[in-house]
Amino acid sequence: MSHPRPGQAARPSYGYIVSFHDLHPTPADFREEVLAGLLRTPKSLPPKFFYDRRGSELFDEICQLEEYYLTRVETGLLERHAAEMARFIGEEALLIEYGSGSGRKTRILLDHLPSLAAYVPVDISKEHLLAAATELAQAYPCLRVTPVCADYTREMEFPDFEEFFYRRRVVFFPGSTIGNFTPPEAEMFLRHAAEVARPGGLLLIGVDLKKDPTVIDAAYNDGQGVTAAFNLNLLQRINTELGADFDLRLFEHRAFYDPAHGRVEMHLVSRQAQTVHIGETAIPFAAGETIHTEDSYKYDLADFEQMAARTGWTRQMVWQDEQGYFAVGLFAVGQTFS
Ligand code: AVI
């Protein structure tokens, strides 16, 4: 475990959250973005809104599904190579995780990083973020945990974290969440991450790769209907938080891999012509009309590496499973890693 530096107080021996940075990402934006998305043609909603408390729980369930290979394969890669990853990361790093979720993958890394200066989970879902951060702080009593509630899909002013000592910033972005950005958004995110990581900083990122479309299709159309419930929960959230009157029985889940765009598209399909209300606003649906709720891009590894290079990152190492389903890449800001 890390030692207090000169002038620094010894850490208490119980799990604790040093400070919580709430950048207040949702309430106002939610109504505005939902209305804008449902009033445009074709209708669409941003996937970041899936993650209310129920949505986050359902996503955790998705991650346990046999069909959803992404979590299983990435977790396997982290378990197998965490010691090597930790050697690259080095001592007393500041680990910043975007879209931190339930933190299972984080723990694999933390187990190999006993001298970490602090762990900074960044997530849009406040309740889930605080619950996961508290649990983690309890499980790692000597770790500083500094959660940041923010919408990292938008410009954000990142806290400077100069209140404590660290040697290097490391951005951890697992789960192939990069795939939920369009390619231009992904580039923007990678540029932002390079700014946050600063020269000498690192990026450890999970990327789902192109593969047999039937494998991908199955991952987003599981037999138990968990992904369908996750998709439909977005309408439930709009009902609960915005007083809308979506009848969930009148919408169905649709997900398919589109090889031309290299992405899974997820939609909610209106089973009949109907009008839904959000407050005073009436939203008409034709029979069969869809709300496009998510894209999940699958990358060719060489293309991803080129995108990383364009956005200020130099490849250090890439770990892949035997089937070539998934990659975990380590990149450094700027030229060379020392
Ligand atoms: C969070 N993200 C990487 C998931 C994905 O695979 O695109 C979200 C998800 N959507 C449906 N299933 C899982």
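**Close-up views of a predicted model**

Pro 42 sits in the loop that runs between helix 1 and strand 3; helices (H or I, at least four residues) and strands (E, at least two) are DSSP runs, numbered from the N terminus. This is a predicted model, in which local features need pLDDT of at least 70 and side-chain atom pairs count only at pLDDT 80 or more, while totals for chains, interfaces and linings use all residues. Residues are numbered from 1 along each chain as its sequence is written, and side-chain values use heavy atoms, with hydrogens and water left out.

**View 1. A cis peptide bond at Pro 42, and Ser 44 in strand 3**. The peptide bond from Thr 41 to Pro 42 is cis, and its omega is near -10 degrees. Ser 44 belongs to strand 3 (residues 43–44). Its side chain makes a polar contact of 2.8 Å with the side chain of Arg 40; such a contact is a pair of N or O atoms within 3.5 Å, where, within protein, one must be able to donate a hydrogen and the other to accept it, and residues adjacent in sequence count only if both atoms are side-chain atoms. Beyond its neighbours within four places in sequence, Ser 44 is also in contact (heavy atoms within 4.5 Å) with Gly 37, Leu 38, Ile 291 and His 292.

**View 2. The ligand and its shell**. Here 14 residues surround the ligand, and the closest are Tyr 68, Asn 180, Tyr 220, Glu 294 and Ser 296; a residue is near a molecule if one of its heavy atoms lies within 4 Å of it. An N or O atom in the side chain of Glu 294 is 2.7 Å from a nitrogen atom of the ligand, and a polar side-chain atom of Asn 180 lies 2.8 Å from a nitrogen atom of the ligand. For Tyr 220, an N or O atom of the side chain is 2.5 Å from an oxygen atom of the ligand. The protein covers 98% of the 340 Å² of accessible area that the ligand has on its own, with areas from the Shrake-Rupley method and a 1.4 Å probe. Helix 2 (53–62), helix 8 (226–242) and strand 14 (290–297) each give at least two residues to the shell.

**View 3. The largest nonpolar core**. A nonpolar core is a set of buried Ala, Val, Leu, Ile, Met, Phe, Trp, Tyr and Cys residues joined through side-chain atoms within 4.5 Å; buried means under 20% relative accessible area (1.4 Å probe, protein chains only). This one has 69 residues, of which Val 34, Ile 238, Phe 246, Ile 278 and Ile 291 touch the most other members. Helix 3 (residues 69–89) provides the largest share, 10 residues. Another core, of 40 residues, lies apart from it and includes Ala 117, Phe 158, Ile 178 and Val 207.

**View 4. Two loop residues with positive phi**. Most residues other than glycine have a negative phi. Phe 161, however, has a positive phi of about 55 degrees, and Ser 176 has one near 60 degrees. Phe 161 lies in the loop between strand 7 (148–149) and strand 8 (168–173), and is buried at 1% relative accessibility. Ser 176 is in the loop between strand 8 and helix 6 (183–197), and is buried with a relative accessible area of 4%.

Technical notes:
Buried means under 20% relative accessible area, exposed over 50%, partly exposed in between (1.4 Å probe, protein chains only).
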